Amino acid sequence: MERFKYDTSGMGLLKGHAGKANRFVIVAKDKRSRPLAETELSVSVEGPDAEVVPASIEEPKNGSYAVSYKPT
């Protein structure tokens, strides 16, 4: 049973540019499509060589989580 659903958007999902800050957004919702604000979220970003790239998550308490990362 799915506890929540999410939508994602942003060019950072399609192609991360080395040496530049990249970003994408995750919108988390419960099964009734209400925003899941202040939910603990874990994100793993991997480069083309399967190396994990450090990422930070910002959430303005509305269910939209902005993920930023900067591959080398």
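**Entry 1: Lys 61**

I opened the notebook at Lys 61, which sits in the loop between strand 5 (55-58) and strand 6. A note to self before going on: this is a predicted model. I looked up the backbone of Lys 61 and found a positive phi of about 65°, although the residue is not a glycine. Is Lys 61 buried or exposed? Lys 61 is exposed, with a relative accessible area of 57%.

**Entry 2: the whole chain**

Next I stepped back to get my bearings. I count zero helices and six strands in the chain, so the pattern read along the sequence is simply β-β-β-β-β-β. I then took the box around the C-alpha atoms along the principal axes, and it comes to roughly 40 × 25 × 20 Å. The chain has 72 residues, and 21% of them count as buried. For the surface I noted about 5500 Å² exposed, with carbon and sulfur atoms supplying 51% of that area. I also checked how far contacts reach along the sequence. Among those between residues at least 6 apart, 48% join residues at least 24 apart.

**Entry 3: Glu 38**

One such stretch of sequence caught my eye at Glu 38, in the loop between strand 2 and strand 3. Glu 38 counts as exposed, at 58% relative accessibility. What does Glu 38 touch, not counting residues up to four places away in sequence? I found Glu 59, Lys 61 and Tyr 65, which brings me back to the lysine of my opening entry. I also looked at Glu 38 and Gly 63: their C-alpha atoms are 7.0 Å apart in space, while the two residues are 25 apart in sequence.

**Entry 4: Ser 33**

I stayed in the loop between strand 2 and strand 3 (45-46), where Ser 33 is placed. Ser 33 is not a glycine either, and its phi is positive, near 65°. As for cover, Ser 33 counts as partly exposed, at 38% relative accessibility.

**Entry 5: Asp 30 and its partners**

A little earlier in the sequence I came to Asp 30, which is found in strand 2. How many salt bridges does the structure hold? It holds one, and the pair is Asp 30 with Arg 34, their closest N and O atoms being 2.8 Å apart. I looked up the cover on both partners. Asp 30 has a relative accessible area of 12%, under the 20% cut-off, and is therefore buried. Arg 34, at 44%, counts as partly exposed. The same side-chain pair shows up as a polar contact at 2.8 Å. Asp 30 also has a backbone partner: a polar atom of its side chain lies 2.9 Å from the backbone nitrogen of Arg 32.

**Entry 6: the largest nonpolar core**

Now for the inside. Which residues make up the largest nonpolar core? I listed eight: Phe 24, Ile 26, Ala 28, Val 45, Val 53, Tyr 65, Val 67 and Tyr 69. The elements giving two or more residues to this core are strand 2 (22-30) and strand 6 (64-69). I was pleased to see Tyr 65 here, having already met it as a contact of Glu 38.

**Entry 7: Asn 22**

Strand 2 also holds Asn 22, a polar residue that I wanted to check for cover. Asn 22 comes out at 6% relative accessibility, and so it counts as buried. What does its side chain reach? It reaches the backbone nitrogen of His 17, at 2.9 Å. Leaving aside neighbours within four places in sequence, I wrote down the contacts of Asn 22 as Gly 12, Lys 15, Gly 16, His 17, Val 67, Ser 68, Tyr 69 and Pro 71. Two names on that list, Val 67 and Tyr 69, I had just entered as members of the largest nonpolar core.

**Entry 8: a nonpolar patch outside**

To finish, I went looking for nonpolar residues on the surface. Met 11, Leu 13 and Leu 14 form a patch there, with about 350 Å² of accessible area together. I picked out Leu 14 for a closer look and placed it in the loop between strand 1 (4-9) and strand 2. At 67% relative accessibility, Leu 14 is over the 50% cut-off and therefore counts as exposed.

Terms used
Residues are numbered from 1 along each chain as its sequence is written. This is a predicted model: local features need pLDDT of at least 70, side-chain atom pairs count only at pLDDT 80 or more; totals for chains, interfaces and linings use all residues. Side-chain values use heavy atoms; hydrogens and water are left out. A salt bridge is a side-chain nitrogen of Lys or Arg within 4 Å of a carboxyl oxygen of Asp or Glu. Buried means under 20% relative accessible area, exposed over 50%, partly exposed in between (1.4 Å probe, protein chains only). A nonpolar core is a set of buried Ala, Val, Leu, Ile, Met, Phe, Trp, Tyr and Cys residues joined through side-chain atoms within 4.5 Å. Helices (H or I, at least four residues) and strands (E, at least two) are DSSP runs, numbered from the N terminus. Patches are made of residues with over 30% relative accessible area and no salt bridge: like charges are joined within 9 Å, nonpolar side chains (Val, Leu, Ile, Met, Phe, Trp, Tyr) within 5 Å. Accessible areas come from the Shrake-Rupley method with a 1.4 Å probe; for residues, only the protein chains shown count as cover. A polar contact is a pair of N or O atoms within 3.5 Å; within protein, one must be able to donate a hydrogen and the other to accept it, and residues adjacent in sequence count only if both atoms are side-chain atoms. Contact means heavy atoms within 4.5 Å.
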